[in-house]
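Let's take a walk through this one, starting with a bit of empty space inside and then moving on to a helix. Have the viewer ready.

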Amino acid sequence: MTSAHPGPRIADLVIEGAIATLDGPTGLGWVDAIAIGGGRVLATGRAADVVPLVDAGTRTWRLPPHLAVVPGITDAHLHLGMAARAATNLDLGGVEGREAVLDTIRATHRSLPGDAWLEGHGWSLDTFGGWPTAADLATVAPGRLVALWSHDHHARWVSTPVLELLSARDLLPADQALIRRDERGAPTGLLHEAAAALVEPLLPAWDSARRIAALTGYATTLAALGITGVHDPGDLGDDDDLDDGPFLVRSLAAAHRLPLRVTASVRERQLDAAIAAGWRTGEGSGLGDDRYRAGWLKLFTDGSLGSRSAALLAPYEPDDPRGRPVGGPAGLATMTHDQLRRLGDRATRAGIALQVHAIGDAAVRLALDVLERLPRVPAALHRLEHVQLIDPVDVARFGAATIAASVQPCHLATDADAMRDAWGDRVAATFPLASLDATGALLPLGTDAPVEPPDPWRNLAVAVTRRDAAWPPAHPSVSPTEALTVDRALRAACIDPARTAGRTDLGSLTAGCIADLVVVPVAGLLDPGDRGQHLAATRLLATLIDGEVAWQDPGFDP
């Protein structure tokens, strides 16, 4: 028997077939059988090894050779509330070209009641061909209240009625540099970075019932993809007192209404309330469940590549077809060293670890300078989010300081052309996954949904091939020497999020671990395809959380 747990001695479920436990430092840790009881792995090994744990009440699944079990995936950067709400709104992701975007908005406008808001997301500066305006919206949705997040959620495109409403309520400051204006100084309809939040008080309120229905429905969608847990970095619209964010998730978890494990973070404006409530990184609900843990304090040191506001050490390329970056020639730093240090000191004294958004190499360096000197919080690691562009001299600092690099490989595929336009030869230093791994750093992978679709298999395929499976075969990979192996990528999606959150009982399928697992076709794991096409095409047969079925394909009968 490969491993055994001194818990319940009779299994609720035994699965026989190809089981990837991720045991050991490398490889997939294949065994032939796994026994599950009381929500945990009791034993793994050969089929004969688990026979002593079987009685008349034990269910047995016998998988055919083309299927395998792997640990459930934790998306280490998924905005749960935003993604749940975005799933109910217009999605412009994948709509290419200015006219196609406007046609889609026109069709949605015509389908809505006259006084309804048109909310959505997914347009991008690069695919639209420039910055959109309120005048564009007036041609396809005249008189409509429209608020559309950009693909990267770092800019909001709003209609003239929204600008008028903001002005009437004195919510449109004349000196706000993050409001894009024309040559006469009039707002054009683009709100960048923090200015995008100006719209929040105007949007239709979500009552508790709608919010809960959206969250639980979206959690089921995630389960169907093999995602059994998320690290939620919080939402722009979360209230200051935590009730509609972490505390709502906590209550749903305690009531067993959430088929998902959530580690929920707070934003800067929520820090006072979090400290007053005794909120501490790593703590559970205290209500007898294990589906909720308190996460990190989420802070920002720059903007994004898509909105040309990521903070760089050197200026953006002068011939970038999308024009001048936001904030200055080298982008926008949204926080100073002293501001980040003061917030970090206050949070860590209260037992709250930090996760810091840093996309450009200047933002990464600033964040590392601060986090390296902050006290460690016992329950979890400090972490940097996105780290798309890292100066090579800073890569080793992650492993040396035990700072997790929370990366979303899917952004590499979506942003490849924009990176070449905006960063030129620096694209060679983007998403240095293999180099970060070589330092011993943890690489918790995520998708950043709703910025990207929450498909973990596409994410894994990009990590392994450094390209999108949908690209033409002749399209080159981006710095292919920075690719991860399949087993390392899967560990980064399963084990690294757990270890970043201070958990050793999650992410692998060894004895004593929580029995979160999925049943998938094995083909993509054995041969991801030269373009990642086989791994990206992986689709689930079943998802188990705490050893119980959370989602199952109707055609799967084990």
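**A cavity and a helix**

Sort the residues that line the second largest cavity by class, and you get seven nonpolar, four polar and five charged ones. Keep in mind that this is a predicted model.

Where does that cavity fit into the bigger picture? Rolling a probe the size of a water molecule over the atoms shows where empty space is left. Searching the whole structure turns up five cavities of 30 Å³ or more, and the second largest has a volume of about 90 Å³. Its lining is made of 16 residues, and T74, H231, R261, T263 and L506 are the ones that lie nearest the centre. As for who supplies the walls, the strands β14 (227-232), β15 (261-267) and β16 (292-300) each give at least two lining residues, and so does the helix α15 (486-500).

Now hop over to helix α5, residues 160-168, and ask which of its residues are buried. They are V162, L163 and L166. These cover an arc of only 100° around the axis, so they sit on the same side of α5. The spacing fits a simple rule: an α-helix has 3.6 residues a turn, so residues three or four places apart point the same way.

What lies over that buried side? The cover includes α4 (134-140) along with β10 (146-150), β11 (155-158) and β13 (187-192). Flip to the other side of α5 and you meet E164 and A168, both exposed. Once α5 is done, look at D170, which follows the helix and has a positive phi, near 60°.

Terms used:
Residues are numbered from 1 along each chain as its sequence is written. This is a predicted model: local features need pLDDT of at least 70, side-chain atom pairs count only at pLDDT 80 or more; totals for chains, interfaces and linings use all residues. Side-chain values use heavy atoms; hydrogens and water are left out. On a 1 Å grid over the protein atoms alone, a cavity is a set of points where a 1.4 Å probe fits but cannot get out, and a pocket is an open set with protein on both sides within 12 Å along at least five of seven lines; lining residues have an atom within 4 Å of a point. Grid points are joined across faces, edges and corners, and a volume is the space filled by probe spheres set on the points. Helices (H or I, at least four residues) and strands (E, at least two) are DSSP runs, numbered from the N terminus. Ala, Val, Leu, Ile, Met, Phe, Trp, Tyr, Cys and Pro count as nonpolar, Asp, Glu, Lys and Arg as charged, and the others, Gly among them, as polar. Buried means under 20% relative accessible area, exposed over 50%, partly exposed in between (1.4 Å probe, protein chains only). The arc is that of the directions from the helix axis to the C-beta atoms. Contact means heavy atoms within 4.5 Å.
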